[in-house]
Amino acid sequence: MTRNRVELALIARGVDSALAEKLRKEKWTLAKLQTQAPEKLLELGIGEVAVPVILGSGRPPIPPEHFIRTLYDNRWLCCVCRDASRPIIVHHIKPWAESRDHSQANLAVLCSIHHGEAHSTHALELTLTPDRLKAAKATWEQEVSRLDPLAILQATQLISCQWWYFNHLRVFEIAEDLGVNVSELEGFQDALLTGACDAQGHLRPRKGPLYVGYALSHALKRYMSSMLEAAMGHASVRNISDDLDRGTLDRLIIEGDLVFVQGLYSFTNLAPDGSGADLVRGRRRVNKVEVTFVFDRNEGTSGSARYEWLLRTRALGCLLRVNGLRKDGKGGLRIEATVLAIRSANQELKLRSYEARLQKSGLLGDEYEDEEFDVGDYDDDVSNEWGERSGTFRRRLFLKGQGIWRKLIARF
Ligand SMILES: [Zn+2]
Ligand SMILES: [Zn+2]
């Protein structure tokens with residue numbers, strides 16, 4: 001998964017990912033390529049379709065927000081073979097010349113081989129028709145959208161992992177909206193018996209901490225865990241723990257998205273508002289992105305959650321609903337969110353397994369080497385220093401974690 005802006009600018013113009021990387025390593029930039037004659041670009045290996053696009057005489061480049069979301073939703077893999085070792089290209093399902101359609105619905109990620117097949121015209125052979133492509137893309141994107149929630153849930157089932165907090169009202173609302181029948185959930189009967197909820201599954205209002213007494217706490221936590229699990233089974237959650245990189249993030253997420261962000265959070269107490277809530281502001285700041293939310297610590301799922309885990313600075317994973325994105329004018333991005341649930345951190349969720357495959361494929365690597373050559377759509381107000389740090393960190397992580405990567409790759 002490259003985040004290098006030169007490579008992204010080239011991929012948006014129809015160059016495959018391997019060639020984009022090669023050109024970037026040879027110190028080509030979009031601006032430099034644009035000063036060359038078409039013959040030279042062909043000589044460099046750029047295809048006939050991409051040459052005029054690069055030179056500005058063909059179709060316009062794909063708008064970054066469609067392009068990046070398409071790549072992300074397909075995990076930077078060909079939707080037909082999903083082979084991480086092959087370079088990829090962003091393809092127009094209905095050719096641009098006919099459709100003038102740059103929307104996400106008309107874009108597919110293909111490897112070079114299947115891209116060739118999608119453009120081949122020998123009618124009697126098994127070629128990738130637009131309909132077959134659309135079907136392959138839909139199947140793969142649906143699988144992908146389930147990968148993150150599954151990983152988050154599976155990791156929760158490990159003994160060392162715990163939900164420390166639920167936003168009870170919001171989780172209940174989301175479950176209801178998604179058509180989850182709460183009375184059939186595991187833990188519902190016990191929650192009802194212990195008086196934690198009523199016959200409709202609604203929580204009984206309570207002043208002060210919600211989780212008091214062993215039987216009630218235990219029942220309520222099981223009820224809420226299964227409610228969240230059921231809701232997440234229907235919803236699409238993006239794990240963006242490793243994407244707090246404002247170069248692409250503001251094009252990747254929009255208001256209303258459910259995201260999972262893991263890392264160090266700091267908590268500060270807020271002044272009481274008279275409602276009896278124990279209001280806390282949670283904040284995660286990394287690179288130039290700040291994620292922030294306010295919640296009621298009384299909804300912490302145990303004494304240790306309230307007095308130990310949701311205090312000061314902690315490594316945690318938060319399931320969030322994005323309420324708004326704001327740029328601060330200094331190159332920073334602020335994400336206001338509603339927190340739905342908070343759990344202990346889990347290493348595997350930080351190092352997303354699909355990224356491991358991309359590391360292996362070489363698509364994710366030393367992408368920040370020549371940031372000073374940034375050009376095109378991707379160079380707006382991005383500073384070098386954080387990119388550099390993040391790139392170095394990734395490389396170090398990669399070298400250090402080869403063993404883990406291999407294990408993750410084998411499991412994927
Ligand atoms: Zn393929
Ligand atoms: Zn194509």
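1. A residue is called buried here when its relative accessible area is under 20%. By that cut-off H114, at 12%, is buried. Keep in mind throughout that this is a predicted model. H114 is a good place to start, since its ND1 atom is one of the donors to the zinc ion (ligand 1).

2. On to the rest of that site. Alongside H114, the zinc ion (ligand 1) is coordinated by the SG atoms of C78, C81 and C111, with distances of 2.1 to 2.3 Å. Along the chain the donors are spaced as C-x2-C-x29-C-x2-H. The angles subtended by the four donor atoms run from 98 to 116 degrees, so the arrangement around the zinc ion (ligand 1) is tetrahedral. For reference when you check the geometry, the ideal angle for four tetrahedral donors is 109.5 degrees. C111 is buried too, because its relative accessibility is 0%.

3. Now the other metal. What are the protein donors of the zinc ion (ligand 2)? They are H91 through ND1, and H115 and H119 through NE2, at 2.0 to 2.2 Å from the ion. The spacing of these donors reads H-x23-H-x3-H. If you plan to parametrise this site, note that water is not among the atoms, so sites may look incomplete.

4. Helix α8, residues 112-119, holds both H115 and H119. The two histidines are four residues apart there, about one turn of the helix. Are they buried or exposed? H115 counts as buried at 18% relative accessibility, while H119, at 47%, is partly exposed. The buried set of α8 consists of H114, H115 and A118. Looking down the helix axis, these residues fall within an arc of 105 degrees, so they line one face of α8. That buried set takes in H114, a donor to the zinc ion (ligand 1), and H115, a donor to the zinc ion (ligand 2).

5. Helix α6 (residues 64-73) is worth a look. Eight of its 10 residues are buried, so the helix is largely enclosed by the rest of the structure. The buried ones are P64, F67, I68, R69, T70, L71, Y72 and D73, a list that includes charged residues such as R69 and D73. T70, which sits in this helix, is buried with a relative accessible area of 0%. Leaving aside residues up to four places away in sequence, T70 touches Q104, L107 and V109. After α6 comes R75, with a positive phi near 55 degrees.

6. Helix α10 (residues 168-177) has a clear sidedness. Its buried residues are H168, V171, F172, I174 and A175. They cover an arc of only 165 degrees around the axis, which puts them on the same side of α10. L169 and D177 are exposed, on the face turned away from that buried side. What do the buried residues of α10 pack against? Their partners are β3 (163-166), α12 (214-234) and β9 (333-344). G179 follows the helix, and its phi is positive, near 80 degrees.

7. On the interior: the largest nonpolar core has 56 residues, and I46 and L320 have the most contacts inside it. Domain 1 (5-140) and domain 2 (162-345) both give residues to this core, so it lies between them. A second, separate core has 30 residues, among them F172, V182, F260 and L319. F172 also appears in the buried set of α10. As background, nonpolar side chains tend to be buried together in soluble globular proteins.

8. A little more on I46 and its neighbour in sequence. Residues up to four places away aside, I46 touches V15, L19, L23, L33, L41, V51 and I54. G47 sits in the loop between α4 (38-43) and α5 (50-55). At 37% relative accessibility, G47 is partly exposed. Its C-alpha atom is separated by 9.1 Å from that of D16, 31 residues away along the chain.

9. Finally, the overall tallies. The protein chain has 18 helices and nine strands. Of its 412 residues, 51% count as buried. Where contacts join residues at least 6 apart in sequence, 67% of them link residues at least 24 apart.

Methods
Residues are numbered from 1 along each chain as its sequence is written. Chains are lettered from A and ligands numbered from 1 in the order in which they are written. This is a predicted model: local features need pLDDT of at least 70, side-chain atom pairs count only at pLDDT 80 or more; totals for chains, interfaces and linings use all residues. Side-chain values use heavy atoms; hydrogens and water are left out. Donors are N, O and S atoms within 2.8 Å of the metal (3.2 Å for Na, K and Ca); water is not among the atoms, so sites may look incomplete. Four donors count as tetrahedral if all angles lie between 85 and 135 degrees; four count as square planar and six as octahedral if opposite donors are over 155 degrees apart and all others between 65 and 115; anything else is irregular. Buried means under 20% relative accessible area, exposed over 50%, partly exposed in between (1.4 Å probe, protein chains only). The arc is that of the directions from the helix axis to the C-beta atoms. Contact means heavy atoms within 4.5 Å. A nonpolar core is a set of buried Ala, Val, Leu, Ile, Met, Phe, Trp, Tyr and Cys residues joined through side-chain atoms within 4.5 Å. Domain bounds come from an automatic or database domain assignment.
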